[in-house]
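User: I am new to this structure and would like a friendly guide to it. Please pick a single part and take me through it closely, explaining the terms as you go.

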Amino acid sequence: MYDIKWCWLFFTSGAFGGIEGARPVPPEKGVFPLDHEHECELEKKDYLECLKTFGHQLETCREFSKKYLHYRMEK
């Protein structure tokens, strides 16, 4: 009725808790690094202020978002 390999993959893949003791693997360093040093604080504040001012309309604040992400990629 069911292929035994499929059943094993289904039950060990995490659908019902997965393999006990198995830990998730974090993304590689640099995939989306957090700004722990607060290097981009000014750009972030500008973007958040724009969102607050215009009622969280993403289209209106797109330039601030681009500026922030560009700065993040540089740093």
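Analyst:
**A close look at helix 2 and helix 3**

Across the protein chain, pLDDT averages 75, and 59% of the residues score at least 70; pLDDT is the predictor's confidence in each residue, from 0 to 100. This is a predicted model, in which local features need pLDDT of at least 70 and side-chain atom pairs count only at pLDDT 80 or more, while totals for chains, interfaces and linings use all residues. Residues are numbered from 1 along each chain as its sequence is written, and side-chain values use heavy atoms, with hydrogens and water left out.

Confidence is lowest in helix 1 (residues 4–12), with a mean of 53, and highest in helix 2, at 91. Where pLDDT is low, the predicted coordinates should not be read in detail. Let us therefore look at helix 2, where confidence is highest, and at its partner, helix 3.

First, the setting. The protein chain has three helices and zero strands, and its elements run α-α-α from the N terminus on. Helices (H or I, at least four residues) and strands (E, at least two) are DSSP runs, numbered from the N terminus. Of the 75 residues, 13% count as buried; buried means under 20% relative accessible area, exposed over 50%, and partly exposed in between (1.4 Å probe, protein chains only).

Now to the pair itself. Two packed helices are described by the angle between their axes and the distance between the axes. Helix 2 (residues 41–53) packs with helix 3 (residues 62–74) at an angle of about 160 degrees, and their axes are 9 Å apart. That is why helix 2 is roughly antiparallel to helix 3. Here, axes are lines fitted to C-alpha atoms, for helices over the stretch in contact, and angles run from 0 to 180 degrees between N-to-C directions. Angles under 35 degrees count as roughly parallel, over 145 as roughly antiparallel, 65 to 115 as roughly perpendicular and the rest as oblique.

Which residues make the contact? Helix 2 brings Glu43, Lys44, Asp46, Tyr47 and Cys50, and helix 3 brings Phe64, Ser65, Lys67, Tyr68 and Tyr71, contact meaning heavy atoms within 4.5 Å. By class, there are five nonpolar, one polar and four charged residues. Ala, Val, Leu, Ile, Met, Phe, Trp, Tyr, Cys and Pro count as nonpolar, Asp, Glu, Lys and Arg as charged, and the others, Gly among them, as polar.

Glu43, in helix 2, is a good residue to find first. Glu43 counts as buried because its relative accessibility is 11%. Leaving aside neighbours within four places in sequence, Glu43 is in contact with Lys67, Tyr68 and Tyr71.

Leu51 also belongs to helix 2, and it is buried, with a relative accessible area of 8%. Not counting residues up to four places away in sequence, Leu51 touches His56, Gln57, Leu58 and Cys61. From C-alpha to C-alpha, Leu51 and Arg62 are 9.7 Å apart in space, with their positions 11 residues apart in sequence. Arg62, in helix 3, is partly exposed, with a relative accessible area of 39%.

Finally, His56 is found in the loop between helix 2 and helix 3. Its phi is near 60 degrees, a positive value in a residue other than glycine. At 59% relative accessibility, His56 counts as exposed.
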